[in-house]
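Me: Please take a close look at one part of this model, the place where the two chains meet. I would like one connected account of it.

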Number of protein chains: 2
Amino acid sequence: MKFQLNSTDAKSSERAGIIHTAHGEIHTPIFMPVGTAGSVKAIHQRELEHDIHAEIILGNTYHLYLRPGIELLEKAGGLHKFNGWNHSILTDSGGYQVYSLGENRKITEEGVIFKSHIDGSKHTFTPENVMDIQRSIGADIIMAFDECTPYPCEHNYAKASMALTHRWLTRCIDRLTNTDPKYTYEQALFPIVQGSVYKELREQSAAFVASQNQSGNAIGGLSVGEPHEDMYAMTSLVCGILPSHKPRYLMGVGTPENILECIALGIDMFDCVMPTRNARNGMLFTTEGIINIRNEKWKDDLSPIDATLGGYASASHSKAYLRHLIISKEILGAQIASLHNLTFYLWLVKEARKQIIEGTFAFWKERMVKKVSSRL
Amino acid sequence: MKFQLNSTDAKSSERAGIIHTAHGEIHTPIFMPVGTAGSVKAIHQRELEHDIHAEIILGNTYHLYLRPGIELLEKAGGLHKFNGWNHSILTDSGGYQVYSLGENRKITEEGVIFKSHIDGSKHTFTPENVMDIQRSIGADIIMAFDECTPYPCEHNYAKASMALTHRWLTRCIDRLTNTDPKYTYEQALFPIVQGSVYKELREQSAAFVASQNQSGNAIGGLSVGEPHEDMYAMTSLVCGILPSHKPRYLMGVGTPENILECIALGIDMFDCVMPTRNARNGMLFTTEGIINIRNEKWKDDLSPIDATLGGYASASHSKAYLRHLIISKEILGAQIASLHNLTFYLWLVKEARKQIIEGTFAFWKERMVKKVSSRL
């Protein structure tokens, strides 16, 4: 994996770059649609490519490990071959899903014992087997196995958890060093900075992660309920410590506003279920602001969903038609809304990239944040 | 509406033709995907056009009347404008949905009083207002308001119901004669032959319907649970009475086998929820036979869903991937399976048309019925 910075500005932190993987180029800043179980919900793969213009999607190790299972993924020749997505894939490590399981998991030095949400069966994730699983999935970018702390989180717990995440990181790196990719291409590891909302823990974690000298670095444990100011403060702090010549990935973030603010802090990569999950509930992100399409006010609004954004879903269907589909629980409603929201998210980061390259990002961002966070 | 017969065979009943409406040509025999509430479930309109090659879709008067409602459809300029489907549309009359409501409706000479399945509100359908509603929806082909009898059905009830359907038909024709289309194009009425599985009632009804001299004719009240032999016998009988220079539409039929058999009896148009509803449950109709994709045997079958059929959904996704999506309840599973099944249904009728024109239909049908009805 190579990362090439196209544009940086000495006076500000936002950057535009290109990540090169065996499956193509990723123009940063980038948003990565979440393809939990090998499918971005309600979206055909060709739509990801031709309508949304995604360059990389996520897969979830936890979900893929449980279903369809590693054996089948290996037989298929990896996730790219299995789901037919020929561009880049990043897999998370399962750390976040295991964190979400609550009572149904036990964390030890060795790893995590957890119960499947599907059938209650018992499984163990360790730094080593999670690396093996991600080798089998065949992601271009592999995430280290970490513990994601909740918010709020006691200082003592956050500190101990961070230390555990660091010890696990060493084991992840050892494992990858001692194993080969299962397919014909290289896989890059991104370690994850933890430390909750504690400044000195974040500094310590960022320094440790930076010292591992991997191809890219990630920030985890944010966007778990903390105030936005904390998220921005921690992100800014960590971006100042992580090397600038490597991509920085802020995990699980966020709203259009969050993304723009964090691009300004030096983040290159984002992922979030929000554009697809909220789409299914009728929340639309548009170039003019946020729309709850279920509201009565859109009932007979026959104007396009988002004429400025353009594209198939957004320009050729009216708000009234989409509202009718969502209210009637038609699957096509989820399809159109998801297609629209992802098209918007990818448009937003592409536009941000253009503004960064033109040196007009800061000014544009101020205007844009107001627009995209307003409720219509 | 014009109907032009391209190919008939003096020794057999199957025919190939072209229906011309204000929204384009319909090559018969044709299958019409069901777009209940203004959307063919899990299918984008552009997929209907470019992948499935549909030439006409159905809308349900009952559903569209309740949601989004006639006022909005009129404001949009009709259903074509509302949902962005620019080819032909046929609307059923609500008779079948009202029949399905069971206890929640009351049939009188005047019409039907029924309760909405959405909110329990009370509504009345009469032959007159159902014609008005279909004027507002703007379908190219309007169905007469009829009573669909259940199976089994007492002879006395079937006879009285048929007579009521005939009286309602006269009222439908009167209403349409005395009103103009709401938009800029002509709307054709198809009367419906009823009579349950009683030969003399079907003969009587077919003769009455034929005497009304409308642009096309339909056969209702079949595929409601009767043995296939009865369906074929009634269809054959009625096709012999309905004029041969007008299209014949067999409502709600059916399996690929049913469709091939009924093409052989002289039917030109079909509709059924089966390809989409069954798709969502994992039943696939393929060129090799019927697949229940949930079966363990497809678990690691990495071959295409249907390579012979081709097309995006069928050729570029494996059985194992589709199975994984359906088992995991991913929306994309419903999307791919629906896209595949409808592509297959439209391929089947197109292939039938080709065989009719080439004079090889009977031979081809015998082989094909065996194939498409076998379980893989």
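Reply: In the interface, 37 residues of chain B are in contact with 37 residues of chain A, contact being heavy atoms within 4.5 Å. This is a predicted model, in which local features need pLDDT of at least 70 and side-chain atom pairs count only at pLDDT 80 or more, while totals for chains, interfaces and linings use all residues. Residues are numbered from 1 along each chain as its sequence is written, chains are lettered from A and ligands numbered from 1 in the order in which they are written, and side-chain values use heavy atoms, with hydrogens and water left out.

The size of an interface is often given as the accessible area lost when the parts come together. Here chain B and chain A bury about 3500 Å² between them, 57% of it on carbon and sulfur atoms; the figure is the accessible area (1.4 Å probe) that the two parts lose on being put together, summed over both.

Next come the polar links. Between chain B and chain A the count is 6 salt bridges, each a side-chain nitrogen of Lys or Arg within 4 Å of a carboxyl oxygen of Asp or Glu. One of them joins the side chains of Asp300(B) and Lys75(A), at 3.6 Å from N to O. The rule also finds 20 residue pairs in polar contact across the interface, both at pLDDT 80 or more. A polar contact is a pair of N or O atoms within 3.5 Å; within protein, one must be able to donate a hydrogen and the other to accept it, and residues adjacent in sequence count only if both atoms are side-chain atoms.

On the side of chain B that touches chain A, the elements giving two or more residues are helix 1 (45-52), helix 3 (70-76), helix 4 (79-83), helix 13 (319-327) and helix 14 (331-358) of chain B. Helices are DSSP runs (H or I, at least four residues), numbered from the N terminus. Helix 14 of chain B provides the largest share, 6 residues. By type, the residues on this side are 18 nonpolar, 9 polar and 10 charged; Ala, Val, Leu, Ile, Met, Phe, Trp, Tyr, Cys and Pro count as nonpolar, Asp, Glu, Lys and Arg as charged, and the others, Gly among them, as polar.

As for symmetry, a turn of 180° and a shift of 0.0 Å along the axis lay chain B on chain A with an RMSD of 0.0 Å, superposed by least squares on the C-alpha atoms of residues with pLDDT of at least 70 in both. That is the relation of a two-fold axis. In chain B, the C-alpha nearest the axis belongs to Ile331(B), 3.9 Å from it. The copies meet through the same surface, because 100% of the interface residues of chain B are also interface residues in chain A.
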